[in-house]
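Student: I have a model open and would like to go through it with you. Could we take it piece by piece?
Tutor: Gladly! Let's have a look together.

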Amino acid sequence: MSRSLIPLLVLPVLFMAGRAAAAEPSCQELSDQYAIVAGKGFGFAPADVQALWKQKACNTSPQASQVSALCQEMSDRFDIVAGSSFGSANADAQGSWKALACNTKPRSCQELSDQYAMVAKQGLGFAPAYVKTVWEKKACATRPQATKVTPLCQEMSDRYGIVAGGTFGTADTDVQNSWKALACTTKPSSSCQELSDQYAIVAGKGFGFAPADVQALWKQKACNTSPQASQVSALCQEMSDRFDIVAGSSFGSANADAQGSWKALACNTKPRSCQELSDQYAMVAKQGLGFAPAYVKTVWEKKACATRPQATKVTPLCQEMSDRYGIVAGGTFGTADTDVQNSWKALSCNTKPASK
């Protein structure tokens, strides 16, 4: 999600004659957007932002909830590979990288396609500006994997109000082109209840882990819902995993919104161990990420997990992969993506879809 603010060069105009059109970015917002760490480095802040920072005598650093995304952005922008090379990063970017204890590497063209609906020579999807620049620099020639297409189409419908056969809503040309290239057929599906159930949003208590655009949609719809009882356990577990929340002990890196939802839902979970993640999602260290959702993959990498499913879990996991994706041993991988295929091979699976 883009963390764009009003271009700083136009701020003086907006504040003329006492007619403030927008609030000047706070020190914290500057840190969160540009990876500025007080006394360590200006991250990737341009000269005018650095000047504003000094003028305001700022002394902030990025919030914990922003660090992962900022590290990834620095890897993508400057080709930084943790433990190997700083690529084209200057002293400011290197200083912020070290201060934030980053551990990322540049995303591949395929990963960019899968995340932002980028289709080579057809559409740049909803990628932020810097990702579009990286894509062009890499001369990427990929498109989203088949298993990613429907979720990406749905995300474009939800973000921009696109209705198949009806309207493109607020989608720009890049989004429209990717939508057409992927032959999308979705419509917005995020009701207030669905937003609560997906992001742990509790009306009047907290936005859970909803990104800024989802929060804006919630407010626009004047929503007043909370997660259904059947969703609470999974949402609590996700908040524990995402933010290292341990019930009765620590809120880890959770911000006020996540803490508010956690309390309102009376959560009582703790982060899952690497072994538990392996056993649930068929994750095999350095071989395959199985069918783990995106946030679990991020947690796995952050923990530097080195586990694989216990022997007693292998056959059930193989069967689940066969049933989910239509994998037939010795025949076809069905709709399985690369992560699932790699785990299947690493576990020497030998199953086929169960008869229904």
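Student: Which residues does D337 touch, not counting residues up to four places away in sequence?
Tutor: This is a predicted model, so read each contact as a feature of the prediction. D337 is found in the loop between α16 (311-325) and α17 (338-346). Leaving aside residues up to four places away in sequence, D337 touches Q145, T147 and K148.

Student: Is D337 buried or exposed?
Tutor: The cut-off for buried is under 20% relative accessible area. D337 is buried, because its relative accessible area is 9%.

Student: Helix α8 (residues 146-160) is up next: how far apart are its end C-alpha atoms, and what span should we expect?
Tutor: At 1.5 Å a residue, the 15 residues of α8 should span 21 Å. The model agrees with this expectation, with the end C-alpha atoms 22 Å apart.

Student: Which residues of α8 are buried, and how wide an arc do they cover around the axis?
Tutor: The buried residues of α8 are V149, L152, C153, M156, S157 and Y160. They sit on the same side of α8, because the arc they cover around the axis is only 140 degrees. An α-helix has 3.6 residues a turn, so residues three or four places apart point the same way. The arc asked for is 140 degrees.

Student: What covers those buried residues of α8?
Tutor: Two helices can be named here, and the cover includes them. They are α6 (109-116) and α9 (173-181).

Student: Which residue follows α8, and what is its phi?
Tutor: The residue after α8 is G161. Its phi is positive, near 70 degrees.

Student: Where does D79 lie, and what is its phi?
Tutor: D79 lies in the loop between α4 (64-78) and α5 (91-99). D79 is partly exposed, with a relative accessible area of 31%. Most residues other than glycine have a negative phi. D79 has a positive value, near 60 degrees.

Student: And A222: is it buried or exposed?
Tutor: A222 is found in the loop between α11 (212-220) and α12 (229-243). A222 is not a glycine, yet its phi is positive, about 55 degrees. With a relative accessible area of 63%, A222 is exposed.

Student: Finally, which element of the protein has the lowest mean pLDDT, and which the highest?
Tutor: The protein averages a pLDDT of 90, and 93% of the residues score at least 70. Over residues 1-22, however, the pLDDT is below 50. Among the elements, the lowest mean (34) belongs to helix α1 (residues 11-14) and the highest (97) to helix α14 (residues 274-281).

Key
Residues are numbered from 1 along each chain as its sequence is written. This is a predicted model: local features need pLDDT of at least 70, side-chain atom pairs count only at pLDDT 80 or more; totals for chains, interfaces and linings use all residues. Side-chain values use heavy atoms; hydrogens and water are left out. Helices (H or I, at least four residues) and strands (E, at least two) are DSSP runs, numbered from the N terminus. Buried means under 20% relative accessible area, exposed over 50%, partly exposed in between (1.4 Å probe, protein chains only). Contact means heavy atoms within 4.5 Å. pLDDT is the predictor's confidence in each residue, from 0 to 100. The expected span of a helix is 1.5 Å times one less than its number of residues. The arc is that of the directions from the helix axis to the C-beta atoms.
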